[in-house]
Amino acid sequence: MGAKKNQGVYGKAGRTGKMEVIMKNYNTDKYAKAKKRVDELKGFYIHATIYTVINAFILVNIFIQSGYNGSGFWQIEHFFTLFFWGIGLFFHASKVFRLNPFFNKDWEQRQIEKYIEKDKEEADKFTK
């Protein structure tokens with residue numbers, strides 16, 4: 001009999017099958033991340049819509065109850081819901097759209113380098 005080439009544990013078909021499994025898992029992970037991102041966006045848009053509708057209802061109701069009198073409408077306490085809920089909506093938007101002026105990529109890189117340096121210093125204590 002002729003000598004067979006060494007095809008390893010998986011053989012030629014096994015490597016192709018293994019690669020297909022890896023690609024399938026990769027595509028599944030990409031799909032899951034994309035689905036999560038779309039769900040986050042959808043949640044924010046729903047939140048923004050509810051914010052707009054509810055606050056419009058509240059402000060219109062206050063305006064009507066003030067007797068269409070502009071001076072009775074423009075009181076600070078009438079805008080508490082709008083303001084404080086708006087703060088919450090702003091934080092929701094910053095999370096969804098990944099807006100973070102304080103913890104940007106530069107900050108993240110500095111922190112990673114700081115911890116790597118700290119680990120090196122601790123490792124050097126034991127090697128000397």
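What follows is a chat about a predicted model of one protein chain.

Biologist: Let's start with the overall layout: how many helices and strands are in the protein chain?

Modeller: Four helices and zero strands, so from the N terminus the elements read α-α-α-α. Of the 128 residues, 14% count as buried. The accessible surface comes to about 11,300 Å², and 64% of that belongs to carbon and sulfur atoms.

Biologist: What share of the contacts with a separation of 6 or more comes from residues 24 or more positions apart?

Modeller: They account for 69% of those contacts.

Biologist: How do you know that the span of α3 agrees with its number of residues?

Modeller: Take 1.5 Å a residue: the 17 residues of α3 should span 24 Å, and the end C-alpha atoms are 24 Å apart, so the two agree. That helix covers residues 80-96. Just after it, arginine 98 takes a positive phi of about 55°.

Biologist: Why is phenylalanine 84 called exposed?

Modeller: Its relative accessibility is 52%, and exposed means over 50%, so the label holds. Phenylalanine 84 lies in α3 and helps make a nonpolar surface patch of about 790 Å², together with Ile76, Phe80, Phe83, Ile87, Phe90 and Phe91.

Biologist: And which residues of α3 are buried?

Modeller: Leu89, Ala93, Ser94 and Val96. Leu89, Ala93 and Val96 also belong to the largest nonpolar core, along with Phe44, Ala48 and Tyr51. Both α1 (11-65) and α3 supply at least two residues of this core. Leaving out residues up to four places away in sequence, alanine 93 touches Phe44 and Arg98.

Biologist: What makes asparagine 55 count as buried?

Modeller: Its relative accessible area is 3%, and buried means under 20%, so asparagine 55 qualifies. It sits in α1. Setting aside neighbours within four places in sequence, asparagine 55 is in contact with Thr81, Leu82 and Trp85.

Biologist: On to charges. How many salt bridges do you count?

Modeller: Two. As a general point, side chains of opposite charge can pair when their charged atoms come close.

Biologist: What makes the lysine 35 and aspartate 39 pair a salt bridge?

Modeller: The N to O distance is 3.3 Å. The cut-off is within 4 Å, so the pair passes. Both residues lie in α1, four residues apart, about one turn of the helix.

Biologist: Why are lysine 35 and aspartate 39 called partly exposed?

Modeller: Lysine 35 has 42% relative accessibility and aspartate 39 has 38%. Partly exposed is what lies between under 20% and over 50%, so the label fits lysine 35 and aspartate 39.

Biologist: How do you know that arginine 37 and glutamate 40 meet in a salt bridge?

Modeller: Their side chains come to 3.9 Å, N to O, which is within 4 Å, so this pair counts too. Being three residues apart in α1, arginine 37 and glutamate 40 are separated by about one helical turn.

Biologist: Glutamate 40: buried or exposed, and why?

Modeller: Buried, because 18% relative accessibility is under 20%. Its partner arginine 37 has 28%, so that one is partly exposed. Not counting residues up to four places away in sequence, glutamate 40 touches Lys95, Val96 and Arg98.

Definitions and conventions. Residues are numbered from 1 along each chain as its sequence is written. This is a predicted model: local features need pLDDT of at least 70, side-chain atom pairs count only at pLDDT 80 or more; totals for chains, interfaces and linings use all residues. Side-chain values use heavy atoms; hydrogens and water are left out. Patches are made of residues with over 30% relative accessible area and no salt bridge: like charges are joined within 9 Å, nonpolar side chains (Val, Leu, Ile, Met, Phe, Trp, Tyr) within 5 Å. Accessible areas come from the Shrake-Rupley method with a 1.4 Å probe; for residues, only the protein chains shown count as cover. Buried means under 20% relative accessible area, exposed over 50%, partly exposed in between (1.4 Å probe, protein chains only). A nonpolar core is a set of buried Ala, Val, Leu, Ile, Met, Phe, Trp, Tyr and Cys residues joined through side-chain atoms within 4.5 Å. Contact means heavy atoms within 4.5 Å. The expected span of a helix is 1.5 Å times one less than its number of residues.
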